[in-house]
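Trainee: Hi! Could we go through this one together? I'd like to start with the strands and then move on to rings and pockets.

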Amino acid sequence: MSTITLSLSDKEITKFNSVYHEYLVDSNNQYIKYQYRLEGAVITVYTSNKAVFQGNDAHIYAAAFIKKEKAMAGSDEVGTGDYFGPVCVCACIVEENDYEFLRNLKVDDSKNLTDEHISTIAPKIMQRLKYSILILDNTKYNKVHETNNMNEIKAKLHNQAYINLIHKGYTIPKAAYVDQFEPEDSYFRHIQSEKEIYRDLTFEVKAESKYIAVACASIIARYAFLESMKKMSQYYKFEFPKGAGEIVDIKAQEFVNRYSIAKLKDVAKIHFKNTEKITSHNV
């Protein structure tokens with residue numbers, strides 16, 4: 001009995017369902033989109049678009065969806081939802097001979113991996129792949145945000161990450177994916193004034209769960225974010241929580257009590273609503 005896991009596109013899932021609809025079975029698992037019981041295999045399609053083929057004939061059913069492993073590039077960002085810490089954007093290139101190496105590391109979307117696992121595999125990925133990482137610290141971020149909204153900032157960082165790959169002398173593969181955070185026309189409108197623009201990109205929602213290059217970019221960006229948070233914590237001798245929830249409000253108030261509200265711009269994204277809650281207590 002064999003097990004094969006693939007990431008399928010919405011189009012591929014629709015096609016599969018049209019062919020094997022009569023083999024659908026019910027499932028109470030909220031994360032399962034479809035499950036099929038076929039002769040010689042059970043195929044489970046999850047809401048993340050991961051498809052798991054299990055059974056003696058799993059390879060037969062999976063064969064139609066296994067793509068030839070070609071070189072690809074991908075980019076993703078981390079830190080945009082965190083009050084504390086920088087925004088990190090990475091673009092990287094995965095060559096044909098990198099796939100087995102990355103599979104052995106169990107590469108996946110960084111949101112599905114623990115920070116501990118990311119800290120273990122990210123340095124290995126960075127040693128192997130061609131990549132560009134941009135880290136926009138809080139002081140610079142707050143200055144830039146005075147004239148650019150979050151999507152504008154992300155668009156410019158993604159574009160610059162690809163431009164940096166070219167400046168390093170790398171050839172970006174034809175297949176280059178951006179984890180979509182805004183419509184394509186908005187993305188290019190936001191970077192229209194940039195000196196150099198890389199245009200040969202494909203934008204897809206949840207691309208980090210579909211394309212290994214985007215997953216690798218996500219992991220590298222997350223690692224850069226974690227390392228930046230660690231350095232910031234060491235410098236201020238203060239524990240900065242991730243996210244933007246209630247615990248962040250509490251810790252932000254502690255930081256202000258210790259270092260003053262003026263220092264927030266050096267450690268936090270001050271346009272977040274968290275700041276309003278803090279300033280209301282410090283009038």
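Trainee: How many of the six residues of strand β4 are buried?

Mentor: Five of the six are buried, so to speak for residues 50-55, and the strand is mostly covered. Keep in mind that this is a predicted model.

Trainee: Okay, and which sense does β4 pair in with β1?

Mentor: Antiparallel: β1, residues 2-7, and β4 are paired over six bridges. Within that pairing, Leu6 stands opposite Ala51 of β4.

Trainee: How many bridges join β3 to β4?

Mentor: Four, and β3 (residues 41-46) also runs antiparallel to β4. One bridge to look at there is Ile43, whose partner in β4 is Phe53.

Trainee: What about the turn, which residue takes a positive phi in the hairpin of β3 and β4?

Mentor: That's Asn49, with phi near 75 degrees; the hairpin has three residues between its strands.

Trainee: Nice. Switching to rings: how many aromatic pairs does the structure hold?

Mentor: There are 23 aromatic pairs. Take Tyr83 and Phe272: their ring centres are 6.0 Å apart and the planes are at 40 degrees, so this pair counts as tilted.

Trainee: Where do those two, Tyr83 and Phe272, sit in the chain?

Mentor: In distant parts, 189 residues apart. Tyr83 is in the loop between β5 and β6, while Phe272 is in the loop between α9 and α10.

Trainee: Are Tyr83 and Phe272 buried or exposed?

Mentor: Both are buried. For contrast in geometry, try Tyr236 and Phe240: with centres 6.1 Å apart and planes at 85 degrees, that pair is edge-to-face because 85 is over 60. Tyr236 and Phe240 are both buried too.

Trainee: Which residues do the ring pairs link into a cluster?

Mentor: Tyr83, Phe84, Tyr235, Tyr236, Phe238, Phe240, Phe255, Tyr259 and Phe272. One of these, Phe238, has Lys251 over its face, 4.8 Å from the ring centre. Elsewhere, Lys130 lies over the face of Tyr170 at 5.8 Å from the ring centre.

Trainee: Last topic, the second largest pocket. Which residues lie nearest its centre?

Mentor: Glu77, Val78, Gly79, Thr80 and Lys111, out of 13 lining residues. The space in this pocket is about 230 Å³.

Trainee: And which element gives the most to the lining of the second largest pocket?

Mentor: β5, with three residues. Helix α8 (212-236) also supplies at least two.

Trainee: How does the lining of the second largest pocket divide into nonpolar, polar and charged?

Mentor: Seven residues are charged, five are polar and one is nonpolar.

Definitions and conventions
Residues are numbered from 1 along each chain as its sequence is written. This is a predicted model: local features need pLDDT of at least 70, side-chain atom pairs count only at pLDDT 80 or more; totals for chains, interfaces and linings use all residues. Side-chain values use heavy atoms; hydrogens and water are left out. On a 1 Å grid over the protein atoms alone, a cavity is a set of points where a 1.4 Å probe fits but cannot get out, and a pocket is an open set with protein on both sides within 12 Å along at least five of seven lines; lining residues have an atom within 4 Å of a point. Grid points are joined across faces, edges and corners, and a volume is the space filled by probe spheres set on the points. Ala, Val, Leu, Ile, Met, Phe, Trp, Tyr, Cys and Pro count as nonpolar, Asp, Glu, Lys and Arg as charged, and the others, Gly among them, as polar. Buried means under 20% relative accessible area, exposed over 50%, partly exposed in between (1.4 Å probe, protein chains only). Two strands pair if DSSP finds at least two bridges between them. Rings of Phe, Tyr and Trp (its six-membered ring) pair if their centres lie within 6.5 Å; planes under 30 degrees apart count as stacked, over 60 as edge-to-face and the rest as tilted. A charge sits over a ring if NZ of Lys or CZ of Arg is within 6 Å of the ring centre and within 35 degrees of the ring normal.
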